Amino acid sequence: MKSDIILSGVGGQGILSIAAVVGMAALENHLYLKQAEVHGMSQRGGAVQSHLRISEKEIASDLIPEGRADIIISVEPMESLRYLPWLSENGWLVTNTTPFVNITDYPDMKVLIAEIEKLPHNIAINADEIARQVKSPRSSNMVILGAASPFIDIPYQSLENGIKKIFERKGEKIVQLNIDALKAGREFSEAKRN
Amino acid sequence: MEKLLLLGAEAIAQGAIDGGMSGVYAYPGTPSTEITEYVQHNKTAVERKLHSQWSANEKTAMEAGLGMSYAGKRAMVCMKHVGLNVAADAFINSAITGVNGGLIVTVADDPSMHSSQNEQDSRFFGKFAMIPIFEPASQQEAYDMAYEGFELSEKLKIPIMMRITTRLAHSRAGIETRPLKQENKLKYPEDPIQFVLLPSNARKRYKGLLGLQSLMEQEAERSSFNTYYPARNKSLGIIACGIAFNYLMENYPERKFPHPVLQLGQYPLPFSKVEKIVNECEHILILEDGYPLVEEMLKGYLDKNSKIKGRLDGTIPRDGELNPDIVAKALGLEVKIGKQVPSIVANRPPELCAGCSHRDIYNALNETMKEFGKQKVFSDIGCYTLGALPPWNSINSCVDMGASITMAKGAADAGVHPAIAVIGDSTFTHSGMTALLDAIVENTPMTVIISDNGTTGMTGGQASHATGRLEEICIGLGVKPEHVKVLTPLPKYHDEMVKVLREEMLYEGVSVVIPRRECIQTLARSKKDVRVKVEEVVK
Ligand SMILES: Cc1ncc(C[n+]2csc(CCOP(=O)(O)OP(=O)(O)O)c2C)c(N)n1
Ligand code: SF4
């Protein structure tokens, strides 16, 4: 078992909480884990990415080689495409469709979505919208993780447990809102896949 | 055994705490910052009251660490690679004084310059100082080296350098910890003049350091961090330093190496292991996540031994960090070519946060400079360096911490008028104060803008030594009180800021303008702790 995952987004969008939840879930299953993240630039608004690797065998490199990632999970549509060189032939691209526009040359949305849909295995999900529908508007990143969950080699229940551990300090309600978001994302994916 | 999920930087902190450290001394700098932050929040460290407050700069940190070692206790000093340039005087001399309590100097290099001005390789400094260097390949090794490092330092009576690079510092993995050691008790050096580097004593101590070299080499020879993996195919031998070993392993899963491999994690070079692989193999490929240090040593100068492959002969790119693909190519292995990035994907460079005070300062500065002309603004390192990019294009330099003020002074001496410096509050107390003093002594006509956001913003919002004392420092150094002006950088005060800036630029002497408003990020955090903590204990 192994999952090599690229997480991407814009600084401040919370890709690290996705990594944290998957990390917890991996540990619960006694898997090895390496997660290389980008730190340093405190300012918001730049492109950020993280390499997350889980495996039942010892993991060598902190970085995923090109063309080997099983999944790209992106909280922003244009950012999902920036790391395509890492995606394996049969890999999945799971991305939010809500753009974060802070540059003047942001591409046209129609063209952008068309690029995403060119990929044989893609899930494009309006995570912000779905998060609002389940009354958890601040959990769009968990919606995306839920949408990616069918492709991650970890039992779904462990991801819920991961959320419990990570958000425990913020109280029962926040935990439940995040679990609802995760579930809604997963349901979207399962429906789209069938 | 208990396992912790830690960044490489955090693993070093945990290893140092468990290894009986009494204090960490550091100035923030990516990718080293998390070491000290971890100690600041760690339960054992808090209970033991280990020192973990930030220092003014890397030199003061290095000296304080040496002082703690003088008193017999174990200390760690942490910095990013360019910080070692600042600490170099103390660092090099600490090898001559030697230590009393164990001393580890952890330096985090940043090949590929993810957030730095250069990609200098600190191993050169370690070699220059003639002290042992640890270079971990994994988070676990980082932990173990910190844990064991104090003992080696005390055994040799010499500081130890720990060198890591960005990818190890900022990557998480599970760590097995070891039993917590006691701290050392206060104990003065046996020789009361050990730390007195008067020439007569320095000569003795330097001979002592030279004499220790063979012992250091024996330690490296014996070290479990320097492992020889024999293999049959001797057409090639591979020397993999530090994290480069992981990229090698990625290409030969489960350490099934077809060629002999020497994994290097402790320097000076273990002579007989290196000799063995070089004699045994037809060619030697050297993998280093940094400058070609080992490669240069083995290649030699005159004969340019063509047997040695690496960055110098183009087998590996001369600059930038390593990764599994670069290593695969150097080994002649097949690499996958992924899909291309579609051309519609636009660049998204980092930008100043919405509402950042630096924005208002640059808006006011740009308007003021319309009257005075272009290319007269020297700046420094911090979030405000983004003022060099559009839409502001406000600044014309960023070299090293503190250089804005001194470069403005030199330019003013050359006739640039008005000469302007823009510097952050933390950078100012790091290295700007002595620079300002130079200008004051000569009453150089220049304007220094200290953009005070009450924090060390760039590195994530650490406490700033300048907070609450900037005006006093400037006046104390000798700036005339009527030329120390405090402003509130907000759009509504734009006209007033322009007016004050203009007046001070017309003044024929040193003036300091302090626009003051808290960093948006630290402000948001102090209102509500939104950071997610990942550090968690599992069985
Ligand atoms: C010698 C050295 N030490 C540390 C750093 C890392 N570093 C870059 S900017 C910075 C802090 C800047 O803080 P401040 O001057 O207050 O500006 P702000 O980022 O808050 O705008 C630090 C610590 C460095 N580049 N060089
Ligand atoms: S982190 Fe603070 S100082 Fe840096 S850009 Fe954001 S608001 Fe400005």
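Here are some friendly notes on the predicted model of chains A and B, point by point.

1. A word on conventions. Residues are numbered from 1 along each chain as its sequence is written, with chains lettered from A and ligands numbered from 1 in the order in which they are written. The model is predicted, so local features need pLDDT of at least 70 and side-chain atom pairs count only at pLDDT 80 or more, while totals for chains, interfaces and linings use all residues; side-chain values use heavy atoms, with hydrogens and water left out.

2. Let me begin with the interface. Chain A and chain B contribute 57 residues each to the contact (heavy atoms within 4.5 Å). The area buried between them is about 4,800 Å², and carbon and sulfur atoms give 56% of that; buried area here is the accessible area (1.4 Å probe) that two parts lose on being put together, summed over both.

3. For the polar side of this interface, the rule finds six salt bridges between chain A and chain B (a side-chain nitrogen of Lys or Arg within 4 Å of a carboxyl oxygen of Asp or Glu). The side chains of A:Glu58 and B:Arg255 form a salt bridge, at 3.4 Å from N to O. There are also 19 residue pairs in polar contact across the interface, both residues being at pLDDT 80 or more. A polar contact is a pair of N or O atoms within 3.5 Å; within protein, one must be able to donate a hydrogen and the other to accept it, and residues adjacent in sequence count only if both atoms are side-chain atoms.

4. Which strand of chain A supplies the largest share of the side that touches chain B? That is strand 2 of chain A, with five residues. By class, this side of chain A has 25 nonpolar, 13 polar and 19 charged residues. In that count, Ala, Val, Leu, Ile, Met, Phe, Trp, Tyr, Cys and Pro are nonpolar, Asp, Glu, Lys and Arg are charged, and the others, Gly among them, are polar.

5. Strand 2 (residues 32-36) of chain A also pairs across the chains, antiparallel to strand 7 (residues 171-176) of chain B over two bridges. Strands pair if DSSP finds at least two bridges between them; helices (H or I, at least four residues) and strands (E, at least two) are DSSP runs, numbered from the N terminus. A:Gln35 has B:Arg172 as its bridge partner. Within chain B, strand 7 is joined to strand 1 (residues 3-7) by five bridges, again antiparallel, and there B:Leu4 partners B:Ile175.

6. Next, a mixed sheet in chain B: five strands form an open sheet in the order 8-10-9-12-13. Strand 8 (227-229) and strand 13 (308-309) of chain B each have a single partner strand, so one side of each is left without a neighbour in the sheet. Strand 8 runs antiparallel to strand 10 (residues 261-264) of chain B over three bridges, with B:Thr227 opposite B:Gln263. Helix 10 (residues 244-251) of chain B packs on this sheet, touching strands 8, 9, 10 and 12, and its direction makes about 135° with that of strand 9 of chain B. Axes are lines fitted to C-alpha atoms, for helices over the stretch in contact, and angles run from 0 to 180 degrees between N-to-C directions.

7. The other open sheet of five strands in chain B has the order 14-15-16-18-17, with parallel pairing. Its edge strands are strand 14 (377-378) and strand 17 (484-487) of chain B. Six bridges link strand 15 to strand 16 (residues 446-451) of chain B in the parallel sense, and B:Ile423 faces B:Ile450 in that pair. Helix 15 of chain B touches strands 14, 15 and 16, at about 175° to strand 15 of chain B. Helix 16 (residues 425-442) of chain B lies across strands 15, 16 and 18, at about 150° to strand 15 of chain B.

8. Finally, some backbone spots to look at. Most residues other than glycine have a negative phi, and most peptide bonds are trans. The bond from B:Tyr267 to B:Pro268 is cis, with omega near 10°, and B:Pro268 sits in the loop between strand 11 and helix 11 of chain B. A cis bond also joins B:His417 and B:Pro418, with omega about -10°; B:Pro418 is in the loop between helix 15 and strand 15 of chain B. Phi is positive at B:Met130, near 65°, and at B:Glu254, near 55°.
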